[in-house]
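Where inside a folded chain is space left empty, and which residues surround that space? Please keep the sequence and the 3D view side by side while reading, and look up each residue as it is named.

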Amino acid sequence: MEHEGTAAVATGSGRGVLITGAGGQLGRALAGRYPEARAWTRADWDVTVPWPGGEPPELVLHTAAWTDVDGAEDDPQGAAAVNVGGTQHAAALGAPIVVFSTDYVFDGRKREPYVESDAASPLGAYGRTKLHAEAASGERAWVVRTSWLYGPTGRNFVRTILRLGAERDEVAVVDDQRGCPTYVGHLAAAVPAIAQLPFGVYHVAGAGECTWADFAEAIFEEAGLPTRVRRITTDEFGAKAPRPAYSVLRSERGAPTLPHWRDGLRECLARVR
Ligand SMILES: NC(=O)c1ccc[n+]([C@@H]2O[C@H](COP(=O)([O-])OP(=O)(O)OC[C@H]3O[C@@H](n4cnc5c(N)ncnc54)[C@H](OP(=O)(O)O)[C@@H]3O)[C@@H](O)[C@H]2O)c1
């Protein structure tokens, strides 16, 4: 799925840009980057139904998604309706589209970074719906695979860990999954450059890598909390959905590189405060 595109006409501006899922953490960050865009929340457009009509967009930034990884195991059809059906509806608008996908399309068996040409093999229902969404995004799409997203709003690991750290002396965190935490502000800032590239799949994630336990320790350090991290295994944690043990993403296709995840963490915490 690599299509050379005339990206110069595809970058969009002003009201010509449509952001779906604008109430989510990435959608909000993009709305900050594209202040004149139409930033549509689920209340404006539930993407499981076709586009309600109106002035057609010139560029779609499609962030609306079912992101409850464990919930997708219980309701894979519900997850598919949003992730696959929603992407089909967004792609049907006919405008170039930036679609956000995930490291969870990989099974995590590699021990060196996943690049765009690596074969996808999702372990769980969420990853499967996102892989199908990639296929549903059409020929004028930038498919941006990213990972471990966090920001100052919404449901994410940083906010959960901060809350737990304020309540407890010790928090048990998984130490056998390794990936790239990605600050939504850094990802949103890279989107205009991505929309200048040929259409295709790109890996765009925070520089560096760590485990969830490393990430939690860094959050406590940066936030000045004395909470300890107890390192546990994925099996001990016992989440419903399987997750890749290793999902570090890097680009072999010249995608923009993002700042280190720890720099993103500092920026995020400055905004949380
Ligand atoms: N979060 C991660 O760690 C991560 C990692 C890799 C890739 N991604 C991908 O990155 C993208 C953005 O993720 P995110 O972390 O910003 O997700 P998020 O914070 O969960 O935001 C997703 C947004 O989509 C909305 N939404 C859900 N169902 C919808 C529907 N039927 N119609 C319209 N909107 C709907 C949600 O609204 P409600 O709040 O009303 O449900 C929410 O505002 C997604 O494509 C996700 O798969 C995320």
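To sort the residues around a space by class, Ala, Val, Leu, Ile, Met, Phe, Trp, Tyr, Cys and Pro are counted as nonpolar, Asp, Glu, Lys and Arg as charged, and the others, Gly among them, as polar. With these classes, the lining of the second largest pocket is made up of five nonpolar, six polar and four charged residues.

Before going further, it should be said that this is a predicted model. The protein chain has an average pLDDT of 94, and 95% of the residues reach a score of at least 70. Residues 1–10 should be read with care, for pLDDT stays under 50 there, and the model has 26 contacts for this stretch beyond four places in sequence.

Returning to the second largest pocket, one finds a volume of about 270 Å³ and a lining of 15 residues, of which A29, Y183, V184, G185 and R271 lie nearest the centre of the pocket. Three helices, α1 (25–33), α6 (184–194) and α9 (261–272), each contribute at least two residues to this lining, and the largest share, five residues, belongs to α1.

A general idea helps with the enclosed spaces: when a probe the size of a water molecule is rolled over the atoms, it shows where empty space is left. In this model the count is two cavities of 30 Å³ or more.

The largest cavity holds about 40 Å³ of space, and the residues that line this cavity are V69, E73, Y104, L123, G124, A125, Y126, G127, P242, R243 and P244. Both α2 (69–74) and α4 (125–136) supply at least two residues of this lining, with the largest share, three residues, coming from α4. Sorted by class, the lining of the largest cavity consists of seven nonpolar, two polar and two charged residues.

For the second largest cavity the volume is also given as about 40 Å³. What lines the second largest cavity? The lining is formed by H62, A64, A65, N83, T87, V99, F100 and K130, and here a helix and a strand, α3 (76–91) and β4 (97–102), each provide at least two residues. Four of the residues lining the second largest cavity are nonpolar, three are polar and one is charged.

How values were computed
Residues numbered from 1 in each chain as written. Predicted model: local features only at pLDDT ≥ 70, side-chain atom pairs only at ≥ 80, totals over all residues. Heavy atoms only, no water. 1 Å grid on protein atoms, 1.4 Å probe; cavity = no way out; pocket = protein on both sides within 12 Å on 5 of 7 lines; lining within 4 Å. Points joined across faces, edges and corners; volume = space filled by probe spheres on them. Helix = DSSP H or I, 4+ residues; strand = E, 2+ residues; numbered from the N terminus. pLDDT = per-residue confidence, 0-100. Contact = heavy atoms within 4.5 Å.
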